[in-house]
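Here are some notes to read with the model open beside you. They go point by point, so feel free to stop and look as you go.

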Amino acid sequence: MHVGHLRSTIIGDSACRLLEWLGHDVVRLNHIGDWGTQFGMLIAHLEDMFPNYHTVSPPISDLQSFYKAAKKRFDEEEEFKKRAYQLVVRLQNFDPPIYNAWKLICDVSRKEFQEIYQRLNVRLIERGESFYQNLMINVVKDLKALDLLKEEDGRMIMFAKGSDVPLTVVKSDGGYTYDTSDLAAIRHRIVEERADWLIYVTDNGQSLHFQTIFSAAQAAGWLDPLNVRVQHIGFGVVLGEDRKKFKTRSGATVRLVDLLDEGLRRARDTLVEKGRHEELTEEELTLTQRAVAYGCVKYADISHNWNHDYVFSFDRMLDDKGNTAVYLLYALTRIRSIRRKAAGLSLGELQQYISANTLQLDNKHERKLGRCLLGFSDVVKRVLVDMHLHYLCDFLYQLSTTFSEFYDNCYCIERSAESGDTVVHRHRLVLCEATAIVMQQVFDILGINTVSKMYLVSGLNNPKSTFRSQHYLNVFRDGTFLCFRIKSR
């Protein structure tokens with residue numbers, strides 16, 4: 001996997017998490033390209049490099065380099081290209097030795113990307129193009145019966161409404177194409193699995209292709225837009241700091257595993273530079289290192305409108321100021337510590353307080369934070385319109401800065417000037433807890449792990465911790481909820 005796979009993985013996982021949290025039954029499909037021309041050339045290269053591969057496991061540890069070598073031969077050697085195409089047809093007919101070679105290559109690839117998914121805490125069901133091979137036969141039958149296919153130069157093609165470029169359904173050699181597998185996939189998902197919402201997450205370059213697929217599915221009678229929602233999340237390119245396509249210094253494609261390793265190294269260097277290795281145990285330091293490294297990569301991606309390209313910069317991602325994962329993760333750990341350290345109150349005691357009292361917010365900073373919290377549901381509804389997940393990041397940063405303003409101006413605990421007794425403002429601690437719960441929920445949706453200790457940046461170190469109608473916020477946590485209202489003034 002390379003850096004080009006980063007955005008589909010992160011955006012797709014976050015979209016799934018949001019829909020699952022809202023109660024949808026989500027099938028997380030990883031539609032891998034495990035069929036077709038690229039495997040023809042990989043198998044041809046495998047046969048040449050390791051002719052005894054069927055008895056001795058070939059030492060392919062770097063599949064990306066292996067692919068590059070095969071692609072170079074495919075582009076430069078006409079006989080090799082011809083043989084690769086022939087192998088594709090044999091593969092599609094499940095020729096045993098060719099099929100076994102295909103499984104061997106898939107196993108090597110699967111091992112690599114499973115390690116990546118595990119590190120990023122991403123759950124997926126693998127269902128590649130190969131799954132749809134036999135289903136493509138029914139696609140061709142359906143389209144022929146509806147008289148939607150035309151023969152051209154030995155190929156069977158289909159023109160869909162709104163597109164001047166036809167879909168190639170059957171090649172001149174009888175093989176199927178990327179178009180055929182996508183038609184089989186959408187047919188299976190709607191007709192067989194009864195899906196009522198399909199979300200495709202790929203790069204912007206495939207936008208026209210998927211619009212054509214959706215149009216063809218309508219023409220075939222599989223897709224009824226009144227009953228099934230289909231959407232393509234077409235994301236932009238990851239750019240380097242030179243604003244060109246993200247590459248290594250040698251001009252090679254950046255491997256995703258190398259990118260994550262670099263993130264871990266930089267995160268640990270930042271923590272050590274600030275002396276946090278002296279304040280955290282080794283286990284806490286490792287957990288914080290991973291949360292920061294993977295969290296900053298995910299947040300930097302999701303916080304941008306997925307329509308647009310974005311510049312990948314570790315320096316910016318690891319900045320402890322502004323709208324970054326580092327700043328927000330730290331803010332959450334500090335908010336969580338307020339109740340625990342400042343007042344020693346348990347969540348159960350806060351629940352009892354809420355049950356016995358009406359929470360009235362009199363201070364303007366209290367009311368501003370309350371209004372911000374109440375806006376969470378509106379943000380979620382807005383995201384569901386077009387799945388622009390960056391609205392959640394905007395909200396998270398707004399909530400954090402609003403809380404900072406509240407905390408700077410409203411003491412959670414103070415000493416009475418008259419009696420000298422300690423006064424605990426429990427309604428403000430409720431606001432702290434509600435903020436922490438909502439922030440944690442957003443982080444969960446974004447797929448970002450949080451930590452109980454961080455000690456990364458300064459701030460929030462003080463010992464202090466008008467609506468006409470009534471507004472309520474229910475914040476769920478471990479089967480319980482906090483509820484407060486902002487009363488009219």
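1. The largest nonpolar core has 86 residues, and Phe312, Leu392 and Leu446 touch the most other members. Helix α17 (residues 426–446) gives this core its largest share, 12 residues. Please bear in mind that this is a predicted model. As background, nonpolar side chains tend to be buried together in soluble globular proteins.

2. Which residues does leucine 446 touch, beyond those up to four places away in sequence? They are Ser14, Arg17, Lys298, Tyr299, Ile302, Leu392, Cys393 and Leu396. Ser14 is also one of the buried residues of helix α1, which is taken up below.

3. There is a second core too, separate from the one above, with 29 residues. Val139, Ile190, Phe210 and Ala216 are included in it.

4. Helix α1 covers residues 6–21, 16 residues in all. At 1.5 Å a residue these should span 22 Å, and the end C-alpha atoms are 23 Å apart, so the two values agree. The helix is mostly covered, with 12 of its 16 residues buried. Among them are Leu6, Ile10, Ile11, Leu18 and Leu19, but also Arg7, Thr9 and Asp13. After α1 comes glycine 23, with a positive phi near 100 degrees.

5. Helix α13 (residues 347–356) has a clear division of sides. Leu347, Leu350, Gln351, Tyr353 and Ile354 are buried. These five lie on the same side of α13, because they cover an arc of only 160 degrees around its axis. Gln352, Ser355 and Ala356 are on the other side and are exposed. A reminder for reading such a pattern: an α-helix has 3.6 residues a turn, so residues three or four places apart point the same way.

6. Now for alanine 325, which lies in helix α12 (residues 325–343). Is alanine 325 buried or exposed? Its relative accessibility is 2%, so alanine 325 counts as buried, the cut-off for buried being under 20%. Alanine 325 and tyrosine 299 are 26 residues apart in sequence, yet their C-alpha atoms are 5.8 Å apart in space. Besides Tyr299, alanine 325 is in contact with Gly295 and Cys296, leaving aside neighbours within four places in sequence. Tyr299 is also one of the residues that leucine 446 touches.

7. On to the sheet. It is open and has 3 strands in the order β3-β4-β5, with antiparallel pairing. β3 (150–152) and β5 (167–170) are at the edges with a single partner strand each, so one side of each has no neighbour in the sheet. From one strand to the next, the twist averages 45 degrees.

8. Looking at the pairing in detail, β3 and β4 (residues 155–158) are joined by 3 bridges. Glutamate 151 is opposite methionine 156, and glutamate 152 is opposite arginine 155. β4 also pairs with β5 over 3 bridges, again antiparallel. Here methionine 158 faces leucine 167 of β5.

9. The turn between β3 and β4 deserves a look of its own. The two strands make a hairpin with 2 residues between them. Aspartate 153 in this turn has a positive phi of about 55 degrees, although it is not a glycine. With 70% relative accessibility, aspartate 153 counts as exposed.

10. Methionine 387 makes a useful counterpart. It sits in the loop between α15 (376–386) and α16 (390–409). Its phi is near 60 degrees, again a positive value in a residue other than glycine. Methionine 387, at 0% relative accessibility, counts as buried.

11. Last, the surroundings of the loop between β4 and β5, where aspartate 164 is placed. Aspartate 164 is exposed, with a relative accessible area of 76%. The C-alpha atoms of aspartate 164 and threonine 212 are 9.3 Å apart, although 48 residues separate the two in sequence. For serine 215, look to helix α8 (residues 207–219). Serine 215 is buried at 13% relative accessible area. It touches Ala160 and Lys161, not counting residues up to four places away in sequence.

Key. Residues numbered from 1 in each chain as written. Predicted model: local features only at pLDDT ≥ 70, side-chain atom pairs only at ≥ 80, totals over all residues. Heavy atoms only, no water. Pairing = 2+ DSSP bridges. Helix = DSSP H or I, 4+ residues; strand = E, 2+ residues; numbered from the N terminus. Axes fitted to C-alpha atoms, helices over the stretch in contact; angles between N-to-C directions. Expected span 1.5 Å × (residues − 1). Buried < 20%, exposed > 50% of the residue type's maximum accessible area, 1.4 Å probe, protein only. Arc of directions from axis to C-beta. Core = buried A, V, L, I, M, F, W, Y, C linked by side-chain atoms within 4.5 Å. Contact = heavy atoms within 4.5 Å.
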